[in-house]
Amino acid sequence: MSNQNQKNENQANKPLLTKGDLAVAAFSVSEVYNSYLERYEQEDYGELSKQEMETSMDSLRNVFIKLDAIIQSTEKREKQ
């Protein structure tokens with residue numbers, strides 16, 4: 001078996017998305033949110049309007065909440 005075939009076979013046996021992946025994504029979103037919040041508090045909206053910055057921050061907060069909920073639900077399922 002060639003290395004490429006073995007690599008493809010190994011990837012097929014792995015889950016596509018792990019809790020670790022979700023945790024990294026949630027952390028990244030929270031870091032972006034925190035940087036936006038810092039700029040927002042300084043009234044530095046960059047190329048965005050205040051409204052666009054607020055909308056972006058709301059979206060980031062919602063994504064974090066959703067990722068966290070997915071992580072929590074997978075942890076609950078694993079305990080069962």
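**Exercise 1. Which residues make up the largest nonpolar core?**

Keep in mind that you are working with a predicted model.

*Solution.*
- Step 1: Collect the members, which are Leu22, Ala26, Val29, Tyr33, Tyr45, Met53, Met57, Leu60, Leu67 and Ile71, giving 10 residues.
- Step 2: Look at where they come from: helix H2 (19-41) and helix H3 (50-79) each provide at least two of the core residues.
- Step 3: Find the main contributor, which is H3, with 5 residues.
- Step 4: Compare with a general trend: nonpolar side chains tend to be buried together in soluble globular proteins.

**Exercise 2. Describe the overall make-up of the protein chain.**

*Solution.*
- Step 1: Count the elements: the protein chain has 3 helices and 0 strands.
- Step 2: Read them in order from the N terminus, and you get α-α-α.
- Step 3: Check burial: of the 80 residues in the protein chain, 12% are buried.
- Step 4: Turn to contacts between residues at least 6 apart in sequence; 58% of these join residues at least 24 apart.

**Exercise 3. Work out how H2 and H3 are arranged.**

*Solution.*
- Step 1: Take the axes of the two helices: those of H2 and H3 come within 9 Å and cross at roughly 155 degrees.
- Step 2: Apply the cut-off: angles over 145 degrees count as roughly antiparallel, so H2 is roughly antiparallel to H3.
- Step 3: Sort the residues in the contact of H2 with H3 by class, and you find 18 nonpolar, 3 polar and 6 charged.
- Step 4: Add the handedness: H2 passes H3 in a left-handed crossing.

**Exercise 4. Which residues is Met57 in contact with, leaving aside its neighbours within four places in sequence?**

*Solution.*
- Step 1: Set those sequence neighbours aside; the contacts of Met57 are then Tyr33, Tyr36, Leu37 and Tyr40.
- Step 2: Match this with the core: Met57 and Tyr33 both belong to the largest nonpolar core.

**Exercise 5. Is Val24 buried or exposed?**

*Solution.*
- Step 1: Locate the residue: Val24 sits in helix H2.
- Step 2: Use the cut-off for exposed, which is over 50% relative accessible area.
- Step 3: Val24 has 53% relative accessibility, so Val24 counts as exposed.
- Step 4: Relate Val24 to Leu67: the two are 43 residues apart in sequence, and their C-alpha atoms are 10.0 Å apart in space.

**Exercise 6. Where is Glu43 found, and what is notable about its phi?**

*Solution.*
- Step 1: Glu43 lies in the loop between H2 and H3.
- Step 2: The phi of Glu43 is near 55 degrees, a positive value in a residue other than glycine.
- Step 3: With 61% relative accessibility, Glu43 counts as exposed.

Terms used. Residues are numbered from 1 along each chain as its sequence is written. This is a predicted model: local features need pLDDT of at least 70, side-chain atom pairs count only at pLDDT 80 or more; totals for chains, interfaces and linings use all residues. Side-chain values use heavy atoms; hydrogens and water are left out. A nonpolar core is a set of buried Ala, Val, Leu, Ile, Met, Phe, Trp, Tyr and Cys residues joined through side-chain atoms within 4.5 Å. Buried means under 20% relative accessible area, exposed over 50%, partly exposed in between (1.4 Å probe, protein chains only). Helices (H or I, at least four residues) and strands (E, at least two) are DSSP runs, numbered from the N terminus. Contact means heavy atoms within 4.5 Å. Axes are lines fitted to C-alpha atoms, for helices over the stretch in contact, and angles run from 0 to 180 degrees between N-to-C directions. Angles under 35 degrees count as roughly parallel, over 145 as roughly antiparallel, 65 to 115 as roughly perpendicular and the rest as oblique. A crossing is left-handed if the near helix is turned anticlockwise from the far one by less than a right angle, and right-handed if clockwise. Ala, Val, Leu, Ile, Met, Phe, Trp, Tyr, Cys and Pro count as nonpolar, Asp, Glu, Lys and Arg as charged, and the others, Gly among them, as polar.
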